[in-house]
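This report describes one protein chain for a reader who has not met it before. Please look at the sequence and the structure first, then read on.

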Amino acid sequence: MNVYDGQRISSMLCGRGMTQTDKLGDADLIILNTCSVREKATNKVFSELGRIRDRKKPDSLFGIIGCVAKEAGSDAFRRIPELNFVLGPQSYHKLPQILDNPDAKLLNVDLSGLEKFDELAESVNAEPLAYIPIQEGCDHCCTYCIVPYTRGRELSRTFEDVVRDVHKAAANGATEICFLGQNVNGYKFSLADLIRETAKIDSIKRIRYTSSYPTEMTDDLIQLHGTEPKLLPFLNLPAQSGSPNVLKRMNRPYSLELYNEIIDKLRKVNPDIQISSDFIVGFPGETEEDFEMTCELARRIKYINSYSFKYSPRPHTAAALFTDQIPENIKKQRLVILDEILTQTNREFNESCVGRTMECLLEGPDKTGKHMIYRTPYMQQVIVEASPFAPEPPPGRAIKAPSAPPLEGGESSTGVSEPNNCAPDLRHDPPPSRGGADGAFIARPGGGSGASMTLQTIRITSANKCSLRGEFV
Ligand code: 5AD
Ligand code: SF4
């Protein structure tokens with residue numbers, strides 16, 4: 001969701017004649033888009049803000065948006081008095097106010113519901129992959145999670161509004177639609193119906209959704225994975241733990257039997273489907289036996305592209321008050337062990353893809369500009385040799401879009417960058433820069449226009465633990 005928010009802000013500001021820059025010293029406006037799902041991320045934000053203050057141009061505006069802004073509120077101005085704005089995850093559409101009134105201090109951390117989607121309606125990006133949020137907030141109240149506090153109660157956008165955005169994205173050249181929500185499959189007006197409606201659009205070739213909650217996987221949605229060819233064979237279904245005791249204390253009231261049953265059903269309707277998960281290790285009271293159950297689940301399901309985190313106590317959450325917190329060194333050890341298992345299953349799946357041909361979606365050039373990055377239907381990154389061109393950005397004022405720091409010690413990923421709704425942006429790399437504000441690029445010599453090149457048939461030629469290499473067929 002944070003990646004989506006970042007894209008929206010960027011297109012909102014580009015619509016006002018600004019352009020993105022990678023150079024902090026050039027920027028007229030600097031926005032730190034933040035997440036507070038884990039503590040380390042929050043602490044980092046304020047040290048990063050201090051660094052920005054010391055290096056930016058004296059007259060440029062800077063501020064913070066997202067969950068850390070919501071959590072800090074006016075205290076952010078006390079910590080960094082030079083800040084110009086502090087806007088919560090549901091108020092960032094108010095950002096232009098600071099451009100109109102640069103001498104003001106702008107503070108808004110209200111949970112104003114779905115208002116931002118109406119205000120941002122015109123800023124649908126021209127990207128091959130369009131993220132479309134369908135709900136905001138979460139009512140699940142997992143005892144470790146700060147999201148219900150920072151993003152508020154769960155609200156679903158209307159079916160009509162979402163379908164209108166899907167059509168807009170399609171008209172702007174999107175090939176893939178990814179529906180977003182903290183509890184996306186709990187969408188009040190039927191995610192399955194939304195997928196069916198989206199699949200009717202010819203130019204949309206791939207559909208997916210993230211992030212799902214196990215008990216919201218309806219039979220209708222499960223069946224759709226077997227009948228709708230545009231629905232990708234990849235699903236993020238966070239288990240968090242393989243221990244019934246830990247799940248109970250996390251306030252995730254589903255049994256492992258139910259979780260396994262859902263995966264069995266999905267694999268029955270579509271034997272090709274791959275599952276990813278999020279895990280938390282070292283949750284308060286987690287015993288060695290509990291942790292072994294998590295490892296056992298990971299080995300059995302053979303997840304791909306999964307994320308594992310050390311439990312991090314968060315303000316406003318019940319688990320932060322549990323008295324049986326696990327020592328840091330044990331959390332670290334468990335993270336390493338689980339990560340080894342997840343890396344192994346990821347590597348095995350990647351290796352099993354060598355020799356296969358797949359329709360892959362263009363993501364953009366890599367940092368060197370010598371390769372293009374595509375995504376398989378299972379969300380693996382494929383690197384292909386190519387010579388992109390980088391169009392000149394249009395003239396205008398510059399915005400700095402700070403990139404997310406890489407993964408750190410408290411978290412591991414066997415996958416590649418991919419926004420996940422409950423998810424902190426700090427655990428993901430941002431999508432690679434396109435080298436142009438309009439997102440135009442070209443792949444293969446002799447190829448056609450950018451839009452026609454977004455889906456390519458690629459043969460996988462080699463694999464390692466986290467990515468693939470391929471060649472055009
Ligand atoms: N500590 C560690 N990990 C957390 N997550 C959410 N809250 C916490 C926390 N307090 C993880 C969960 C969630 C992902 C986005 O972040 O695994 O699915
Ligand atoms: Fe909601 Fe996901 Fe947080 Fe649980 S972990 S409260 S489902 S956002």
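## Two helices in contact

In helix α9, Leu191, Ala192 and Ile195 meet Asp220, Leu221 and Leu224 of helix α10. Of the residues in this contact of α9 with α10, five are nonpolar, none is polar and one is charged. In soluble globular proteins, nonpolar side chains tend to be buried together. Helix α9 covers residues 191-199 and helix α10 covers residues 219-227. Their axes lie 8 Å apart and the two helices pack at an angle of about 30 degrees.

## The model and its confidence

The model is predicted. Its chain has a mean pLDDT of 85, and 84% of the residues reach 70 or more. Residues 401-409 have a pLDDT below 50, and this stretch has 17 contacts in the model beyond near neighbours in sequence. The pLDDT also stays under 50 over residues 416-452, where the model has 107 contacts beyond four places in sequence.

The chain contains 14 helices and 21 strands. Of its 473 residues, 49% are buried. Among contacts between residues at least 6 apart in sequence, 73% join residues at least 24 apart.

## The parallel sheet under α9

Strands β6, β9 and β10 form an open sheet of three strands in the order β6-β9-β10, with parallel pairing. The edge strands are β6 (129-133) and β10 (206-210), each of which pairs on one side only. From one strand to the next, the twist averages 20 degrees. Five bridges join β9 to β10 in the parallel sense. Across this pairing, Phe179 stands opposite Tyr209 in β10. Helix α9 lies across β9 and β10 and runs at about 155 degrees to β10.

Which residues does Phe179 touch, not counting those up to four places away in sequence? They are Ile132, Ile134, Val184, Leu191, Leu194 and Tyr209. Phe179 also belongs to the largest nonpolar core, which has 110 residues. Ile64, Ala69, Val86, Ile132, Ile177, Phe179 and Tyr374 touch the most other members of that core. Helix α13 (residues 288-301) gives the most to this core, with five residues.

Val184, one of the residues touched by Phe179, is found in the loop between β9 (176-180) and α9. Why is Val184 counted as buried? Val184 is counted so because 25 C-beta neighbours lie inside 10 Å, and the cut-off for a buried residue is 20 or more. The C-alpha atom of Val184 is separated by 5.7 Å from that of Ser211, although the two residues are 27 apart along the chain. Ser211 lies in the loop between β10 and α10. The peptide bond that leads from Thr210 to Ser211 is cis, with omega near 10 degrees.

## Two loop residues with positive phi

Gln240 has a positive phi and is not a glycine. Met379 likewise has a positive phi without being a glycine. The table sets out their values and places.

| Residue | Phi | Loop | C-beta neighbours inside 10 Å |
|---|---|---|---|
| Gln240 | near 70 degrees | between β11 (234-236) and α11 (244-249) | 22 |
| Met379 | about 70 degrees | between β16 (371-375) and β17 (381-385) | 21 |

Gln240 counts as buried because of its 22 neighbours, and Met379 counts as buried because of its 21.

## The barrel and another strand pair

The loop of Met379 joins the account to a barrel, since β16 and β17 flank that loop. Five strands close into this barrel in the order β15-β16-β17-β21-β20, with mixed pairing. On average, neighbouring strands of this sheet are turned by 55 degrees against each other, direction ignored. Within the barrel order, β20 (residues 455-463) and β21 (residues 467-472) pair in the antiparallel sense over five bridges. Ile458 stands opposite Phe472 in β21.

Elsewhere, strand β13 (residues 278-281) runs parallel to β14, and four bridges join the two. The bridge partner of Val281 in β14 is Lys310. From strand β14 (residues 307-310), Tyr307 and Phe309 point one way, while Ser308 and Lys310 point the other way. All of these residues of β14 are buried.

Technical notes. Residues are numbered from 1 along each chain as its sequence is written. Chains are lettered from A and ligands numbered from 1 in the order in which they are written. This is a predicted model: local features need pLDDT of at least 70, side-chain atom pairs count only at pLDDT 80 or more; totals for chains, interfaces and linings use all residues. A nonpolar core is a set of buried Ala, Val, Leu, Ile, Met, Phe, Trp, Tyr and Cys residues joined through C-beta atoms within 7 Å. A residue is buried if 20 or more other C-beta atoms lie within 10 Å of its own, exposed if 12 or fewer, and partly exposed in between; C-beta atoms are placed from the backbone. Two residues are in contact if their C-beta atoms, placed from the backbone, lie within 7 Å. Axes are lines fitted to C-alpha atoms, for helices over the stretch in contact, and angles run from 0 to 180 degrees between N-to-C directions. Ala, Val, Leu, Ile, Met, Phe, Trp, Tyr, Cys and Pro count as nonpolar, Asp, Glu, Lys and Arg as charged, and the others, Gly among them, as polar. Two strands pair if DSSP finds at least two bridges between them. pLDDT is the predictor's confidence in each residue, from 0 to 100.
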